[in-house]
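This report looks at sheets, a helix pair and the relation between two chains. The sequence and structure come next.

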Number of protein chains: 4
Amino acid sequence: MPFEFPRLTRRGLIATGSAGLLTAAAGPSLAMPGPSPVDTGSVQGGRVTFPNWRGEADRPSAPPPAPLPPSERVGFAIVGLGRLSLEELLPAFGECKRARPVALVSGSPEKAALVAAQHGIKPSSVYSYADFDRIAENPEVRVVYVVLPNGLHREYVLRAAKAGKHVMCEKPMANNSAEAREMTAACDAAGVKLMIAYRCQYEPNNREVIRLVRSGAMGAPRFIEATNTQTMGTGDQWRFRKALAGGGALPDIGLYCLNTARAILGEEPVEVFARVFNPDGDPRYREVEETVSFMLRFPSGTIANCATSYGAHESKDLRVRLEKGWINLENAFAYEGQRLRVAHREGKNEAVETIRLSQENQFALEIDHMASCVAQNRTPHTPGQEGVQDHLLMEALYKSAETGAPVALAPTPARDATRGPAPDQS
Amino acid sequence: MPFEFPRLTRRGLIATGSAGLLTAAAGPSLAMPGPSPVDTGSVQGGRVTFPNWRGEADRPSAPPPAPLPPSERVGFAIVGLGRLSLEELLPAFGECKRARPVALVSGSPEKAALVAAQHGIKPSSVYSYADFDRIAENPEVRVVYVVLPNGLHREYVLRAAKAGKHVMCEKPMANNSAEAREMTAACDAAGVKLMIAYRCQYEPNNREVIRLVRSGAMGAPRFIEATNTQTMGTGDQWRFRKALAGGGALPDIGLYCLNTARAILGEEPVEVFARVFNPDGDPRYREVEETVSFMLRFPSGTIANCATSYGAHESKDLRVRLEKGWINLENAFAYEGQRLRVAHREGKNEAVETIRLSQENQFALEIDHMASCVAQNRTPHTPGQEGVQDHLLMEALYKSAETGAPVALAPTPARDATRGPAPDQS
Amino acid sequence: MPFEFPRLTRRGLIATGSAGLLTAAAGPSLAMPGPSPVDTGSVQGGRVTFPNWRGEADRPSAPPPAPLPPSERVGFAIVGLGRLSLEELLPAFGECKRARPVALVSGSPEKAALVAAQHGIKPSSVYSYADFDRIAENPEVRVVYVVLPNGLHREYVLRAAKAGKHVMCEKPMANNSAEAREMTAACDAAGVKLMIAYRCQYEPNNREVIRLVRSGAMGAPRFIEATNTQTMGTGDQWRFRKALAGGGALPDIGLYCLNTARAILGEEPVEVFARVFNPDGDPRYREVEETVSFMLRFPSGTIANCATSYGAHESKDLRVRLEKGWINLENAFAYEGQRLRVAHREGKNEAVETIRLSQENQFALEIDHMASCVAQNRTPHTPGQEGVQDHLLMEALYKSAETGAPVALAPTPARDATRGPAPDQS
Amino acid sequence: MPFEFPRLTRRGLIATGSAGLLTAAAGPSLAMPGPSPVDTGSVQGGRVTFPNWRGEADRPSAPPPAPLPPSERVGFAIVGLGRLSLEELLPAFGECKRARPVALVSGSPEKAALVAAQHGIKPSSVYSYADFDRIAENPEVRVVYVVLPNGLHREYVLRAAKAGKHVMCEKPMANNSAEAREMTAACDAAGVKLMIAYRCQYEPNNREVIRLVRSGAMGAPRFIEATNTQTMGTGDQWRFRKALAGGGALPDIGLYCLNTARAILGEEPVEVFARVFNPDGDPRYREVEETVSFMLRFPSGTIANCATSYGAHESKDLRVRLEKGWINLENAFAYEGQRLRVAHREGKNEAVETIRLSQENQFALEIDHMASCVAQNRTPHTPGQEGVQDHLLMEALYKSAETGAPVALAPTPARDATRGPAPDQS
């Protein structure tokens, strides 16, 4: 008696098969040859699947998500309960299929207790920064996700590795490449995985841009243009403190321009040039920069022009100019609102296609990626090396800005040398 | 010792306040006058709040979500594990703040067991259709959400009310107005709330359209144009069975055109006219209709032209033509992808504004609304009466299509007579 | 001495071939094997042609226009110097290739003299309305273009035919179908051509919509949705006078919805339904209507929902919903600003293509079409019959609005029965 | 007898006032108090004006154009009958109000004769390059418009000045700054005006961008991003010959990025940096460059990132990132298809306004501007100095590309020092 969904009987009644429970829908005969018209899906390989109910003219609907049971998901400890954790990351766990939050680390017991309660985390799994090392004893925690100000990343990654936990670390990875290398080495030595949270490399529209460019169908890319700007509030934020932030707009948001250009091409720049601008007399920019314009030259000839600022209205766009078309991703680096357009000649006309992908939470995708890597013992797509390389390049950019001259960089032999396998988003 | 977030010390060191734990970021003095530069938010009234970190030129970020602890959320039983439940509703609970799924009702024990495990629902809270009435004994279940084929709505709403549970019922409410009235009466008699799941009335862009029109700033609306079309697959789906679906494209998707026109205006039509089209020889359309075009005339003079079809590429758009501008909501009735544009004169030019709201999961919003109504003993915004009225209007539309003549309807005195208070989406 | 364009010599000098005139650009050798690098085009069949200078990735540029010498163009007399003549038609002649304005007819000698001077029209070719019949004696005038208030179309078309001139008449053709038939008969009897100025049938984006739908590539059309609204100023305009305008928004602007739906399908409706709305107490709408909503049902099953109003912000859009995609033409019925979008499934995604055609002046295209028909003795694409049919349909729509019931119409056997050959826009 | 437009009589008849000519529109009385309902406009100051017939909600229509009588327009000689002349410039004269083509200069008598006939130019006003200097004797020619390959600009501007004619010269002005200065000096010495045909500075959307930025309402601009790319056909075009073209993509199309950035800000860069790329082994790029990426730093801190290429699909976009918003002009540098969008915060939302201006032919606007300057003895908005400055900057850019280092430039004291008064486009 494996199945008892309500179904149509020969007399038009709807009944549950096992119990013969009658329904009210008596009426003219609705004899159904073959299977029940009530679509109930089937269970195969631990997943529910449904036949495609749409016509050929419309997108097929994706299979229903198959989240792991909570008890089988990889447990994460969130270190730092600032905006990103509360506004994006903890909500994103609600959309994860393979990860769940099991511990919090915060300096505010009151806040931590409230947030733990909101997310069903045990009070005993809430730690202070002083307590943090005790996390080693918590078997539910398999990954420590460091969401602190940049200047604190190194310390907490090192402590997490020492505790024997895998580590996910917000970008920028650290304050500089020396710290970044130390972090990578420490995780390697401890035998734990390290992933840098470059969310855009997991966001589906950004991935589609990478796929389109690499497919070669549009010819070689001549230019990448990436812009990441926003405006900032008052100066009493840690982002204006060099010791905590490592720099200004460049490491915070310009990093996405840099990282995305590299990810699209799979190459590393052989020359960089940068110019920094700070508005006169604005006390917020005593320690860190407001605005950076920079150019990256890649060995195959593509040039990336990038612009980042804390002093311009929010604009987070990406454009690629190829031989046979262009690609424009509005809100490329934003948390949401991506809008992908692709232009090409169409006979005598010019066509610009807006391509609408299913919306997915990029934070949930990257967290689930880390959970999969842990569960399946794979290297993350954006491991520590990816972060080290960005720090080396940012240092070259700052040097260029200081000296007023471009900075040459040694060519790297392999493509995608700093990346693990691409995330599987099926 | 209320607070111990890492902060800058006078000597530029970063330390946790309580334990004096030293960090590695030694360097030049970063003495901070006044409060710590590390933004930690504060806890007020059970919520965490942060100061606005953005500049005036950019949208302020919303306050972080304040989900209720899982144990305090309203428990829902999901009746029916078809596509909508698995693809949209159960995932949406991951984004809810006030509701959680606590029970499942399904005809397939295998599927139900799998889904229950995926969502952390106890095996003992999984019911068969025959078993369903035992749900009365489950105190965790406060709301029964009926997600069955339309023709089964009546039966399960009645059984849920009899079990003393509040009820949320998918749209269309039933197969006809007689069933709908019976359901409303049964819930009233049982003292339980009944909400019809008109998700678009909870979707923020649709709500913004309602707000814009009702504000009067754009003058009176002359026309509402609403289109809801998609293509359908093979004929072995319950949607082609009249006893199960109640009708074809009209009750399934055209209903959103009808319901939205009413919700925008707050009025009820005084005349309707409809034409039905079925393609020759398509066996899918023996019992239900493929295509309906219909016009609604409202007492204030606004006319709504609506079009729905199972035989046209997906298109789910809404347009309002007012005296001083027009509003266009692309993908108005889709699960995602809403794009709101508002046109108006701007001096010598015509301006079309694309307005980007924060994305929110409309399923989560409607489920949370029902949870709030239950917790606070309020009437849902879209109670049973809202569904009854749509059935009366659909019956008038079918009658018009059959007779080939418009059907007049008695005017209704009050505005928004079928709706409870607007949802609070703060 | 057939050719003497400056060209590169073997020593890098630039010279004119015939005269050996040296230039200043002496320098390193630029020996050119084969033809001169200076692209000069060639003359073939009375046209200049150039080789394609663009790469394959970009749209080829169109061949340069080949206007007829002014003396060989067909001469037009413009009857009526209102806004349309001065703002659109006379300027459009500047973009015509086969037509030129050679006479004016106006009630204001001062205005006519000024306008004639502005456009290089002889003072002796300016006529008053009383004088108009003398135009018969002016051999330069081959076409009389009637741009008067609608209620005067009949009289002046009849007088033009009597004068032995071909006639182009603004839409709506007349005040009613009886007048329209009289006009067609008079032109037939006089052996002159009659074209109704349905400019949208000559506008390239509208033509592309017709082509796309008729190609069948997107399947059958289920719905056409056409909207033409604008707001009107004070009441002292002839458009509010029924004797002069024939009606309100319907014949003036709603006509484009009606005519375009017919032109797309090539069919004639078998049923129409309409509702009229006039705002209470607005003195402008004592004689003519402000707002009409109407539905057209075509024999193949397509339904057109149309909306027109003098009381809604300007909106002139066209949408077609087909089985495999949709087409949206923003500003379809406007003088400029057309924006064509076509949606379809693209694998797992939805794609919306914006297709950019070269901009062309639709007034110039329709005037040149009439000039070609006269020069080549062909029937215009939109002859008098096209206008008669629209008047028959508008009368059915007004009857429907008055009786409150749909009006059935006899089916017509042939497709495109009221149209001449499609315009050649190469 | 000043007026005799058909009008309504007291008995509903339509008559011409002077002659009492009866019309057919007899019917119920339509007595009109006051003025005739037939809108006829009035003549004031040599212009026809109409009352606004639209409602307040819609854009007012512009006054009808008031072209000068042909005999009063400024006569232009077109030197060179390549694509630009035939496809754009000669057609544009059909839309001019103050200019007309009166002479042609070509190396192909056959082509010249055909084109002259097409445009109504006297055979006696057709010149060969050898003959060109005889143009001095043609009083109809007041302006010589040089549309030759760049390397020939200098020679023909000098010869035109020597002939005592005002000169309009296509961009780039010359092959280098030395030539450009020689041309400016020659025109000054001859007492003739020199205008460089920077059409974008006359195009209304570009002008609106300039106005928006300079208004200050959106705060200071941080970045200008300008891209001008297209793909090129086979190598037998003069554009690949340095002696004829002066360079590759930079002077041909990249010039618009450079010139527009300067025109928006009214400042001159104090530092430039450039990188050139040529695809390996492409014989087209032996003498001129395919691709240039360049950065301009302006004294107020704004940075312009510019990209130009002959090897990327057509893309001609402009973006400005300001403190309080961004501006995006698609197809900024194209002949048509401009699409202006402006983004800003709107309360809690982000708004992106698409602003639709009336379409105008930018070629006609610039030609009319020159005609006005000649008629009114004013300095053109883009005189020779504007072209000299661009050549100086392009030389600095080439130097930067060669040396691999940025090039510093002396600051210039005055704003808009190289420009004449802004064009009046009313």
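How many bridges join strand E9 of chain C to E10(C)? The model is predicted, and in it 3 bridges link E9(C), residues 166-169, to E10(C). These two strands run parallel. One pairing can be picked out by residue: C:Met168 has C:Met195 of E10(C) as its bridge partner.

**The sheets of chains C and A**

E9(C) and E10(C) belong to an open sheet of 6 strands in chain C. The order is E7-E6-E5-E8-E9-E10, and the pairing is parallel. At the edges are strand E7 (126-127) and strand E10 (194-196) of chain C, each paired on one side only.

Chain A also holds an open sheet of 6 strands, ordered E7-E6-E5-E8-E9-E10 with parallel pairing. Strand E7 (126-127) and strand E10 (194-196) of chain A each have a single partner strand, so one side of each lacks a neighbour in the sheet. At the E7(A) edge, 2 bridges connect E7(A) to strand E6 (residues 99-105) of chain A. E6(A) and E7(A) run parallel. Within this pairing, A:Leu104 is bridged to A:Val126 of E7(A).

| Strand pair | Bridges | Direction | Bridge partners |
|---|---|---|---|
| E9(C) and E10(C) | 3 bridges | parallel | C:Met168 and C:Met195 |
| E6(A) and E7(A) | 2 bridges | parallel | A:Leu104 and A:Val126 |

**A helix pair in chain B**

Two packed helices are described by the angle and the distance between their axes. In chain B, the axes of helix H7 (residues 249-265) and helix H9 (residues 384-403) come within 10 Å. They cross at roughly 110°. H7(B) and H9(B) are therefore roughly perpendicular to each other. The crossing of H7(B) past H9(B) is right-handed.

Which residues make the contact? H7(B) supplies B:Leu250, B:Pro251, B:Leu255, B:Leu258, B:Asn259 and B:Arg262. H9(B) supplies B:Glu386, B:Gln389, B:Asp390, B:Leu393, B:Met394, B:Leu397 and B:Tyr398. By class, the contact of H7(B) with H9(B) has 8 nonpolar, 2 polar and 3 charged residues.

**Chains D and A**

A turn of 180° with a shift of 0.0 Å along the axis lays chain D on chain A, with an RMSD of 0.0 Å. The two copies are thus related as by a two-fold rotation axis. Which C-alpha of chain D is nearest the axis? That of D:Ala405, 2.9 Å from the axis. Both copies use the same surface: 100% of the contact residues of chain D recur in chain A.

Key
Residues numbered from 1 in each chain as written. Chains lettered and ligands numbered in written order. Predicted model: local features only at pLDDT ≥ 70, side-chain atom pairs only at ≥ 80, totals over all residues. Heavy atoms only, no water. Axes fitted to C-alpha atoms, helices over the stretch in contact; angles between N-to-C directions. Helix = DSSP H or I, 4+ residues; strand = E, 2+ residues; numbered from the N terminus. Parallel < 35°, antiparallel > 145°, perpendicular 65-115°, else oblique. Left-handed = near helix turned anticlockwise from the far one by under 90°. Contact = heavy atoms within 4.5 Å. Nonpolar A, V, L, I, M, F, W, Y, C, P; charged D, E, K, R; others polar. Least-squares fit on C-alpha atoms with pLDDT ≥ 70 in both. Pairing = 2+ DSSP bridges.
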